[in-house]
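Q: I am new to this structure. Please take one chain and walk me through how it is built, piece by piece. Then tell me how it sits with its partner.

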Amino acid sequence: MGNMPKADMPSGALVLLILRVLRSGVLHGYAIAQKIHLLSSEVLHVEEGSLYPALQKILLKGWVTAEWGISETNRKVRFYRLTPAGRKQLEAELSEYDRVNEAIQSVLRTA
Amino acid sequence: MNELFRRVRYLLQRRRFDQELANDLDFHREMADRAGSPLRNTLQLREAARDAWGWTWIDRFAQDLRYAVRMLRKSPGFTLAAVLMLAIGIGVNVAVFGFFDLMVLRPLNVRDPATLLRFHRRSPQNYAFAMPYPEMAFFRDHSRTLSAVMALNTTKVAMEGEDKQIDAAFVTANFFSELGATRRLGRLLDPSRDEAPGAPAVVVLDQGFWQRHFGADPLVIGKTIRLNDQPVMIVGVAGSEFSGLSMNQSAMWAPLTQQPYFATGSLLLTDFTANSVRMWGRLQPGFAPKASEAELQSLAAQLRKQHPAEIWEKETLPSDPGGYAKSMMIGDRSGSGSESQGELIPMIALVATLGLLILAVACGNLGSLLLARGAAREREIAIRIAVGAGKSRLIRQLFTESLVLALLGSIAGLAVGWAAQSSLMRLTDSPAWLNPAPDWRVALFALGAGFASAILFGLTPALHVARQRHRATIARQILVGAQVAASCVLLIVAGLLSRALNHALSADPGFAYQQVISIDPGLGRHGYTPARAQTYMETLQARLRALPGVESVAQAQSPPLGRRSEIAGIDIDGRRMRVQVNRFDPQFFQTMRVPLLRGRNLVRGETHAAVVSESFARAASPGQDPLGKKSFVGEDDTVVGIAGSARLVKIEDSDSVEVYLPLTLDDLPGTSVLVKTSAAPENLLRSVASAAKAIDPNTFPEVRLMKSEFRQKLRGGESSALAVSALGSVADLLACLGIVGVVAYAVSQRPREIGIRMALGARPAHILAVVLRQFSRPVAAGLLVGVGGAAALSGLLRGQLYGLSNFDPAAYLGAIALFVLTVLGAALWPARRALRVDPMKALRHE
């Protein structure tokens, strides 16, 4: 639906990426999308249609909290902060990701 | 867990979180605009994000609900018809369930009803729902699993200034305190005061009796009245909400230990031979009913060592939950063989089946109504589909409307059921403590019935309408057929039942009752030995025979139509039979005008002989001569004669079978005397009563006209026949309403076709035939299924309920004729509208 060429990603991966970019500090929704876009060398484009539902889900899970702050454009907006539970979840998902990734790699290498 | 809390917080503070989300998205849009990649519809984004909270369904449901209420308010006629139909269907079932709840599920208004147990005696040969007082006392004194034992003996007492004897109950003095009864005035019975040896005689009045008889005078407390000629002081009045433990409302309660004071010579407190009291126990905390039963069984075995003749071999004391009205309905039956089951549950099951059928008919009607309405809402539905409503959303919307209807119907049905139940209970004089007000179980039942009906009447039409298949002829025809079938079953079964009852009630009961007086001197209550009773009985019979206008006199163990009856359960060639056992002297057949068909009469003093009724002979040994065979009831007795069938105990039971055994000396203290008069028996009542009283002034003989007993029995039967017919009429009415609706709809849908036919010169009869033809097949199919269903149901019922004939052509034909006529009338009424169609207008229509 967006105008950009899109690289769709499963919602599990999106959650992992959101948690990961929040590890280095609080960000608002737009900044999360931007940061993922930039850090992926502009390969990954986060759809707003999936970003906000994912954020709501993460809020419900208690992995992040929202707090009011002032944006770079001087506007009141919510910033998201990783909670200890979120940090734990991120560690778990990272190691799981590594494990699966390694498994896939070894299949790709040897098969 | 935390997640659940957060989710609930999102529900409760939805507005705030929604605004925050909106702010997020607005900001995102601003930033995206700056970056030159404008954002799509933020409202849609917001909705998608909100979905994650998991509360969307509530919003949608509220929306559907608002819409449904608006739609129903827009067509008040339809809403009213639908709610009325549901109110009748649900109301009938609420009344039936309410009655079941009152009898079986709702605990009595007594303290801690869950730990109350009612005990009865059982052995491989015998059972009794009452036991000797000393046996009860032995259990009371030795049981460690029961914290209290209560006993009850209901009787009649003569009160000064009263012609009729009054229902009274002798109870253990712990009765009131143990059951947590409230007093209205004065005090209730007290074990320490009223059970002490030599305690003055006291009595506690029932509030209703106090109001009727003493004009609610508070000064009666402390007054002395005479009961059975003995002075006794009124010490208190029990509150009317106190149920006691017996179904027939006692006018007063007195301590059991004082019973001999009122019945001179009574051996009740020491006699092991008579089953005189009903026993309840309260479980000690921590014990199960089974533990108590086991304990009482071993206590009975101990007691048997001292009383080997009276305590039965292998006697057990099974218990029933005692805190429910059902345990009162057991009464104090006794008999041999296996216990006879009560008729309460089969009766309720039957009425419940009929009630459910009525609900099914009501649902069928509503289904057709909704289908018709769906066709009328074609445009609205089409528009909603056009603007993007999905099928599932539409079905949900339509079903929500049905749910709202069902909820309204449940509430109205609850009111209808309550009204029906309480007026029925007022008609039948049920005791004041039986409160017909619905409790949570009944309310829940009404809601459940409403929900189930919503599924039944709402889902199929919703599916059809949402799929835009409004010309759902097949569905409509199936609905009509199902309605016809269900109403047909109802009408036929109602016809069968009321005819069976009426037949049993109007047919000759097989004995003459119009000119018979029964006298129960209650000798056993006054401690008469068999020998003394024999002298008394002979004197009484001689004096009665000497009275002018007396034709014949007989002695009977349990007089016809009386409260007492003896039932034997026997097995003949593997078939169970319940036999009414009657013990009489040889004059009985002549006195009651029961014909002796073959063989000979019983001879005074003989044993091992029995006369059986013709109905018994037919049932026990079909196609064989029963004379000289065993009757299987008494101890190896031989059948010496066959008498006419007489329904001596249950006049409504045309299947009743009797065996007559000779009276033995031991039976005499419990027997009654029957007097056949040559003229109107009323004139002899007084002289018969004084003749009996003169022999022993200490006794209080109960003298009754058999024809008034008979009339009383008839009334009970007539009211059940009336109730069943009322159910049948309700079903018929509902079916007619349904047919009216469906035909009216069919006519309204085809004005063009009718107009063309009329314009081309079709005759009225032809047009009616065209309109009604589409219903002939479903009605015929429904009738067939209905007749089959009724036959199957009555076959089942026959095993449970007396007097129901499986094949009663009059009932079948009558019900079908009535049904066809009413349905035809119901169909013709709206169909006439078709004839009034103006061809010109009809052709311009649409």
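A: What follows is a walk through chain B, then its contact with chain A.

Start with what kind of model this is. It is a predicted model. Its scores are ipTM 0.82 and pTM 0.76. For chain B the mean pLDDT is 83. In that chain, 94% of the residues reach 70 or more.

Now the overall frame. Chain B has 846 residues, and 43% of them count as buried. The chain holds 26 helices and 23 strands. Along the principal axes, its C-alpha atoms fill a box of roughly 115 × 75 × 55 Å. Contacts often link distant stretches of sequence: of those in chain B with a separation of 6 or more, 82% are between residues 24 or more positions apart.

Next, the domains. Chain B divides into four parts: domain 1 (2-54), domain 2 (113-323), domain 3 (344-505 + 714-844) and domain 4 (516-710). Look at the numbering of domain 3. It is written as two segments, 344-505 and 714-844, and domain 4 (516-710) falls between them in sequence. Domain 1 of chain B and domain 3 of chain B have centres 50 Å apart, taken over C-alpha atoms.

Go inside. In soluble globular proteins, nonpolar side chains tend to be buried together. The largest nonpolar core here has 158 residues. B:Leu86, B:Ile358 and B:Leu490 have the most contacts inside that core. Helix α17 (residues 473-506) of chain B gives the most to it, with 17 residues. Two domains of chain B, domain 2 (113-323) and domain 3 (344-505 + 714-844), each supply at least three residues to this core.

Pause at B:Ile358. Leave out residues up to four places away in sequence. B:Ile358 then touches B:Gly89, B:Val92, B:Leu490, B:Leu727, B:Val730, B:Ala731 and B:Leu734. One of these partners, B:Leu490, is also among the residues with the most contacts inside the core. There is a second, separate core too. It has 55 residues, including B:Ala533, B:Val639, B:Val657 and B:Met706.

Turn to one helix and its surroundings. Helix α6 (residues 133-142) of chain B has these buried residues: B:Tyr133, B:Glu135, B:Met136, B:Phe138 and B:Phe139. What do the buried residues of α6(B) pack against? Their packing partners are β4 (146-157), β11 (278-283) and α11 (289-306) of chain B.

Follow β4(B) onward. This strand runs antiparallel to strand β5 (residues 166-171) of chain B, and six bridges join the two. In that pairing, B:Val157 stands opposite B:Ile166. Strand β5(B) also pairs with strand β10 (residues 252-255) of chain B. This time the sense is parallel, over four bridges. Here B:Val171 stands opposite B:Pro255. So β5(B) pairs with β4(B) and with β10(B), since two strands pair if DSSP finds at least two bridges between them.

One backbone detail deserves a stop. Most residues other than glycine have a negative phi. B:Arg593 has a positive value, with phi near 60°. Its place is the loop between α19 (588-591) and β18 (596-599) of chain B. Is B:Arg593 buried or partly exposed? B:Arg593 counts as partly exposed, because it has 17 C-beta neighbours inside 10 Å.

Now the partner. Chain A has 111 residues, of which 30% count as buried. It comes to four helices and three strands. Along the sequence the pattern reads α-β-α-α-β-β-α. Chain A has a positive phi of its own, near 70° at A:Asn74. That residue lies in the loop between β2 (64-70) and β3 (76-82) of chain A. A:Asn74 is exposed, because 6 other C-beta atoms lie within 10 Å.

Last, the contact between the chains. 20 residues of chain B are in contact with 19 residues of chain A. On the chain B side, α1 (2-12), α2 (14-35) and α3 (42-50) each supply at least two residues. The largest share comes from α2(B), with seven residues. By class, the chain B side has nine nonpolar, four polar and seven charged residues. The spans of these three helices fall within the numbering of domain 1 (2-54) of chain B.

Note on methods: Residues are numbered from 1 along each chain as its sequence is written. Chains are lettered from A and ligands numbered from 1 in the order in which they are written. This is a predicted model: local features need pLDDT of at least 70, side-chain atom pairs count only at pLDDT 80 or more; totals for chains, interfaces and linings use all residues. Domain bounds come from an automatic or database domain assignment. A nonpolar core is a set of buried Ala, Val, Leu, Ile, Met, Phe, Trp, Tyr and Cys residues joined through C-beta atoms within 7 Å. A residue is buried if 20 or more other C-beta atoms lie within 10 Å of its own, exposed if 12 or fewer, and partly exposed in between; C-beta atoms are placed from the backbone. Two residues are in contact if their C-beta atoms, placed from the backbone, lie within 7 Å. pLDDT is the predictor's confidence in each residue, from 0 to 100. Ala, Val, Leu, Ile, Met, Phe, Trp, Tyr, Cys and Pro count as nonpolar, Asp, Glu, Lys and Arg as charged, and the others, Gly among them, as polar.
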